[in-house]
Amino acid sequence: MSVLDVAKPAFMAEEDIAIFEDAVGKFFDEHAPENVVATWRKNHCVDRSMWNKAGEAGLLGLSTPEEYGGSGGDYRHEVVLMEQLGKKGVDGFGASLHNAIVMPYIFHYGTEEQKQRWLPRLSTGELVGAIAMTEPGAGSDLQGVKTSAKKVGNQYVVNGSKTFITNGQTANLIIVVAKTDPAGGARGTSLVVVETDGAEGFERGRNLDKLGHEAQDTSELFFNDVKIPTENLLGTEEGQGFFQLMAQLPQERLNIAVQGMATIERALELTIAYVKERQAFGKPIIAFQNTQFVLAECKTEATVAKVFVNHCIERHLKGDLDASTASMAKYWVTDLENKIVDRCLQLFGGYGFMNEYPIARMYKDSRVQRIYGGTNEIMKLLIARTL
């Protein structure tokens with residue numbers, strides 16, 4: 001049961017979704033208990049075998065049709081996975097990026113041959129996916145990427161560098177945002193797929209030392225005359241990359257909002273349990289009016305956010321979630337996530353500052369939510385264009 005008084009919407013209340021939710025929770029209880037996740041944090045990377053276990057359990061390719069090796073579900077199943085990752089504290093496992101960002105690009109824009117070649121292997125965990133957008137000199141401004149993919153005969157030669165790439169140390173299928181026509185602006189941008197196993201000229205840089213998300217392998221990637229076949233252009237036509245990105249970014253931003261909601265709910269659950277148990281001045285902390293008021297405010301704001309996120313999910317399932325509303329969800333929920341986690345940490349006192357407590361790790365991990373997927377300032381610009 002959630003700490004929020006929000007009934008599950010009808011589209012999430014179906015029996016098969018409830019059964020799936022239970023199965024996902026049990027999978028993480030078995031394969032990602034706290035001691036295992038602690039090892040991932042220590043190693044700054046999720047164990048590669050976790051991907052194979054998730055593939056065997058049918059947790060990869062959730063919304064990919066069965067004809068391409070997926071589970072044949074829809075976005076609701078991706079939501080369940082993201083919620084369970086957050087609520088179970090499974091730090092660092094980038095399955096939602098793999099499932100709900102990388103695979104949809106291939107499904108929506110790939111040729112039939114590309115779908116048959118890559119989606120089944122992504123669904124088993126043989127391939128782990130990443131998408132390389134950000135560069136040292138280009139973050140939210142995707143038109144500013146410098147990485148190039150020059151066509152030479154029946155190959156593209158890829159040159160450039162990327163940074164802050166999730167799954168960067170593990171991924172062996174990377175969708176790269178590159179310029180196929182450097183003079184073409186947005187229309188000169190394409191998405192090319194690099195299978196890294198045995199790819200000459202491909203190098204992984206540092207597994208970056210981050211403020212939070214210690215278990216996530218976030219990396220630099222280098223492409224030095226990496227040759228890929230022209231069939232690895234995503235789709236059939238050059239120059240479509242920027243428009244493909246713009247079409248898929250609303251789902252990515254909704255994903256971030258869903259993840260933020262899961263963190264908010266877990267933070268409140270842990271904090272409410274703690275203040276009922278922790279004693280100060282001879283009584284539980286929950287007995288103090290300040291504690292009650294802080295948590296009353298947090299619960300109210302979280303409830304409002306949850307209703308809005310559910311609204312966005314429903315619209316997305318119907319195919320009418322626009323970029324502006326997705327940007328509202330991303331910006332509003334991640335700002336609120338940081339606010340609520342901070343207020344919850346305060347109620348833990350000195351223990352909240354200790355990394356052994358989940359609330360401390362959630363505080364660190366939440367900060368990047370306002371940055372990736374497009375900074376919250378960019379979200380406001382997108383919303384302002386509708387005024």
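Reader: What makes Arg361 and Glu34 a salt bridge?

Author: Happy to explain: a salt bridge is a side-chain nitrogen of Lys or Arg within 4 Å of a carboxyl oxygen of Asp or Glu. The closest N and O atoms of Arg361 and Glu34 are 3.6 Å apart, so the pair fits that definition. The two sit in distant parts of the chain, with Arg361 in helix H10 (residues 358-367) and Glu34 in helix H2, 327 residues apart. Helices here are DSSP runs of H or I with at least four residues, strands are runs of E with at least two, and both are numbered from the N terminus.

Reader: What kind of model is this, and how are residues numbered?

Author: This is a predicted model, in which local features need pLDDT of at least 70 and side-chain atom pairs count only at pLDDT 80 or more, while totals for chains, interfaces and linings use all residues. Residues are numbered from 1 along each chain as its sequence is written, and side-chain values use heavy atoms, with hydrogens and water left out.

Reader: Why is Arg361 called buried or exposed, and what about Glu34?

Author: Buried means under 20% relative accessible area, exposed over 50%, and partly exposed in between, with a 1.4 Å probe and protein chains only. Arg361 has a relative accessible area of 6%, so Arg361 is buried. Glu34 has 43%, and is therefore partly exposed.

Reader: How do you know that Arg76 and Glu14 form a salt bridge?

Author: Their side chains meet at 3.1 Å, N to O. This pair also links distant parts of the chain: Arg76 is in helix H4 (residues 75-87) and Glu14 in the segment before H1, 62 residues apart. Arg76 is buried, at 11% relative accessible area, whereas Glu14 is partly exposed, at 39%.

Reader: What does the salt bridge of Glu265 and Lys306 tie together?

Author: The closest N and O atoms of Glu265 and Lys306 are 2.9 Å apart. Glu265 lies in helix H7 and Lys306 in helix H8 (residues 289-318), so the bridge ties together parts 41 residues apart in sequence. Both Glu265 and Lys306 are buried. The whole structure has 26 salt bridges.

Reader: Why is Asn232 called buried, and what does its side chain meet?

Author: Asn232 has 3% relative accessibility, so Asn232 counts as buried. Asn232 is placed in the loop between strand S7 (218-229) and helix H7 (241-277). A polar atom of the Asn232 side chain lies 2.8 Å from the backbone oxygen of Val193. Contact means heavy atoms within 4.5 Å. Beyond the neighbours within four places in sequence, the contacts of Asn232 include Gln114, Arg117 and Trp118.

Reader: How do you know that the buried residues of H3 share a side?

Author: The buried residues of helix H3 (residues 48-56) are Met50, Trp51, Ala54 and Gly55. They cover an arc of only 140 degrees around the axis, which puts them on the same side of H3; the arc is that of the directions from the helix axis to the C-beta atoms. These buried residues pack against helices H1 (15-31), H2 (34-43), H5 (95-109) and H6 (112-124).

Reader: Why is Cys344 not counted in a disulfide?

Author: A disulfide is a pair of cysteine sulfur atoms within 2.5 Å. The nearest cysteine sulfur to that of Cys344 belongs to Cys298 and is 5.0 Å away, so that pair does not meet the cut-off. The structure holds 0 disulfides. Cys344 has 0% relative accessibility and therefore counts as buried.

Definitions and conventions. A polar contact is a pair of N or O atoms within 3.5 Å; within protein, one must be able to donate a hydrogen and the other to accept it, and residues adjacent in sequence count only if both atoms are side-chain atoms.
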